[in-house]
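Colleague: I would like to learn how to read a predicted model feature by feature. Could you take me through this one?

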2 protein chains.
Amino acid sequence: MPENMRPHVVVIGAGFAGLYTVRSLKKQPVSITLIDRTNHHLFQPLLYQVATASLSPADIAAPIRSVLRSQRNVRVLLAEVVGLDLTAKTVALDDGESIPWDYLVLATGSTHSYFGHPEWESKARGLKTLDDAIAIRNQVLLAFEAAERSNSEDERARDLGFVIVGGGPTGVELAGSIAEIARFSLAHDYDTIDPTQASIRLVEGAPRILMAFPESLAKKAQFELEKLGVRVQVGSMATHIDEEGVRLADGERIEAATVLWAARVQASPMGKLAGLETDRVGRIAVQPDLRVADHPNVFVAGDLAVLKGPNGKPYPGVAQVAIQQGKRVAANIAASVAGEETRPFHYFDLVTLATVGGNYAIAEIWKLRLSGFAAWLVWIFIHIAYLIGFRNRIFVMFQWAYGYFTYHRRVRLITRPGKQAD
Amino acid sequence: MPENMRPHVVVIGAGFAGLYTVRSLKKQPVSITLIDRTNHHLFQPLLYQVATASLSPADIAAPIRSVLRSQRNVRVLLAEVVGLDLTAKTVALDDGESIPWDYLVLATGSTHSYFGHPEWESKARGLKTLDDAIAIRNQVLLAFEAAERSNSEDERARDLGFVIVGGGPTGVELAGSIAEIARFSLAHDYDTIDPTQASIRLVEGAPRILMAFPESLAKKAQFELEKLGVRVQVGSMATHIDEEGVRLADGERIEAATVLWAARVQASPMGKLAGLETDRVGRIAVQPDLRVADHPNVFVAGDLAVLKGPNGKPYPGVAQVAIQQGKRVAANIAASVAGEETRPFHYFDLVTLATVGGNYAIAEIWKLRLSGFAAWLVWIFIHIAYLIGFRNRIFVMFQWAYGYFTYHRRVRLITRPGKQAD
């Protein structure tokens with residue numbers, strides 16, 4: 001097919017779902033435009049390591065152009081999408097440009113949700129972007145500096161108070177890493193304070209943490225967290241958040257200068273922009289082949305899509321699902337272009353992982369349940385294997401190996417001091 | 001001497017001068033307070049490599065507390081100094097605290113100066129802090145992205161126009177690195193633009209670039225810059241800077257979306273704060289032993305001090321001078337505490353270095369003049385040797401080795417898109 005006659009595929013979002021869609025279309029007779037607001041693909045599963053000063057932003061982010069350099073049929077645009085017209089088949093960009101498409105793939109993922117408390121956003125930062133991670137890193141490190149300079153016991157206790165709202169994998173990783181920072185990395189760096197006296201609390205509304213895992217593994221993770229000095233509070237909702245702490249549903253008030261949000265997410269607003277029906281958290285319902293009903297040329301993949309798996313529950317918002325859905329979308333576009341039937345998405349649930357800090361992780365691999373160092377090795381292996389870009393891989397391995405032996409946090413930088421709350 | 005009777009030395013600024021003062025006082029019977037606005041010591045000679053996407057911020061910045069962890073007689077404060085009282089012998093901090101001192105060391109360095117054109121600051125970013133470096137990196141990378149999306153030839157040319165004002169080492173390093181980015185790192189990453197068509201101009205008011213070097217070496221450096229595609233314009237002052245370019249004294253108008261400032265610096269305002277006399281650019285005149293006249297317990301070191309060398313010219317504002325002055329200040333404080341005579345500062349001018357990009361540098365080592373690859377090896381060796389913190393050293397070496405073979409720029413991250421002008 002001559003190049004200018006090829007169907008034009010527009011992919012919005014260069015996260016796992018979008019990027020794997022594009023890469024899997026490499027040899028297909030289509031021309032692709034990939035649109036993202038940022039110039040990098042972000043390896044979100046390691047974002048908490050940037051937030052807790054173990055990795056540099058560049059270690060977990062690869063420039064999209066560089067990742068796709070060898071792919072000839074794709075054009076990359078750094079742009080914000082401001083409109084979607086599914087009838088005229090166009091995408092409107094922030095600079096006024098309108099891009100026509102034959103196939104549209106929506107893969108813009110999710111962002112935080114504050115349960116209808118938008119005022120909490122400025123007080124309890126969530127962790128979804130590199131800017132979030134840098135802001136959290138600044139906030140955590142500045143809390144210890146503020147404690148060193150505080151004039152009263154009350155003030156010091158508040159400065160050294162950390163509350164993480166949400167006991168999923170991100171909340172557990174953040175709580176464990178902050179405990180490590182306090183107990184090991186900073187332990188001997190201050191004169192008037194003892195960082196190991198920091199109070200780190202993990203608050204979860206459900207009856208236990210890590211609901212996506214079997215209870216036996218979640219219990220082990222909780223035990224490890226507690227060994228690191230994290231106080232875990234389940235069945236407990238935050239009902240009020242301000243600059244100085246959190247109030248829980250049972251009336252308890254926790255004084256804490258640092259409150260982090262790892263509770264709930266909502267889908268990015270593409271569904272609304274497209275005029276499509278969405279569920280309560282903004283996700284777009286898709287058919288088993290990941291197409292949108294009545295719009296056979298529109299696909300949705302990753303966190304933005306909602307599709308029930310064989311167990312009747314929606315697929316979880318994790319990288320593995322996004323990657324596999326991206327590949328399925330690409331295969332179905334290829335089938336459609338070739339005049340063949342599309343096929344339904346099947347999830348191959350390789351492994352469910354969470355790490356607590358130190359060298360402790362929990363893993364469920366098929367029916368096999370692992371915890372401790374073995375699970376941590378699996379965690380390392382999986383994350384290295386999927387980390388995009390050869391150079392990032394060796395750097396990150398090197399840094400982990402070093403950190404493993406020293407508990408050293410290389411990236412203890414406070415940038416933009418005084419602006420950490422923005 | 002009992003610890004609470006020891007003289008209290010307050011050092012303001014944790015750059016080369018301040019940090020080397022503190023480290024050299026390690027075994028002296030004094031108690032030290034080191035105050036800095038940031039939590040990290042910055043290796044400024046490599047800042048341009050952060051600005052041009054070769055190194056991550058953490059590679060050239062070491063947490064002050066971590067650098068000084070093994071030193072028992074120092075306390076570190078993250079704080080802004082808002083007042084200096086040389087009579088009452090106190091330092092006032094932004095949180096209202098007042099710190100008494102027996103010896104005061106001022107080492108707060110320098111910042112940009114816009115020749116009485118403060119309105120240029122928002123249009124032509126200078127390079128002094130990590131935040132500057134990140135902002136410049138964002139601006140340079142966004143310029144190529146804007147060009148890819150531009151609608152007219154004029155717009156594209158302006159987006160791909162870069163003007164660096166100032167032909168000292170920083171200006172030369174920035175110009176050379178941006179040319180490398182355009183010619184090698186990004187050459188094949190775009191569809192509608194050819195990054196190698198970027199116009200990179202270096203503008204210097206003096207009759208030649210690199211005035212601190214012998215003319216023969218500066219000529220070689222200029223030739224190398226021109227080989228990389230940089231157009232060098234000497235004897236040429238910027239008389240007007242706006243969002244779309246620069247006007248020169250000879251009337252020429254250069255259209256360029258990116259204008260960077262590497263021209264002149266001024267000392268930080270400590271002299272004014274202390275009520276001391278300063279020169280035209282805010283530096284505090286010191287006596288040969290680095291003390292301030294009439295204030296025998298007040299020392300100034302690094303870029304903030306002005307002292308004439310044996311050749312009648314002030315010592316240059318480079319790291320070597322700051323390091324050696326810091327050591328001299330420490331020795332003189334120790335002498336004063338011991339009731340001995342202070343000694344004058346003597347500069348041991350080890351080597352003057354500048355790098356052009358690629359693997360080309362120029363070096364003057366005593367009377368020996370080197371250029372090309374040999375000088376570049378000297379440059380690498382010196383910078384690695386002085387880079388504070390073992391871990392940073394191996395990381396940076398590793399990244400240079402990798403970059404040397406691949407021209408790969410690992411840190412091509414645009415953060416906070418749309419806010420690069422702040």
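Modeller: Gladly. Let's start with domains, whose bounds come from an automatic or database domain assignment. Here, 35 Å separate the centres of domain 1 of chain A and domain 2 of chain A, taken over C-alpha atoms. Domain 1 of chain A covers 3–37 + 79–109 + 268–337, and domain 2 covers 113–263.

Colleague: What should I know about the model and its numbering?

Modeller: This is a predicted model, in which local features need pLDDT of at least 70 and side-chain atom pairs count only at pLDDT 80 or more, while totals for chains, interfaces and linings use all residues. Residues are numbered from 1 along each chain as its sequence is written, and chains are lettered from A and ligands numbered from 1 in the order in which they are written.

Colleague: Which rotation superposes chain A on chain B?

Modeller: Copies are superposed by least squares on the C-alpha atoms of residues with pLDDT of at least 70 in both. In this case a rotation of 180° with 0.0 Å of shift along its axis does it, at an RMSD of 0.0 Å. The two copies are therefore related as by a two-fold rotation axis. In chain A, A:S56 has the C-alpha nearest the axis, 3.4 Å from it.

Colleague: How many residues does the contact take from each chain?

Modeller: Two residues are in contact if their C-beta atoms, placed from the backbone, lie within 7 Å. The contact takes 36 residues from chain A and 36 residues from chain B. Helix 4 of chain A gives the most to the side of chain A that touches chain B, with five residues. Helices (H or I, at least four residues) and strands (E, at least two) are DSSP runs, numbered from the N terminus.

Colleague: And how do I read a pair of helices?

Modeller: Two packed helices are described by the angle between their axes and the distance between the axes. Axes are lines fitted to C-alpha atoms, for helices over the stretch in contact, and angles run from 0 to 180 degrees between N-to-C directions. The axes of helix 1 (residues 16–24) and helix 9 (residues 319–337) of chain B come within 7 Å and cross at roughly 35°. Residues making this contact include B:G18 of helix 1 and B:G326 of helix 9.

Colleague: What follows helix 9 of chain A?

Modeller: Helix 9 of chain A is followed by A:G339, with a positive phi near 80°.
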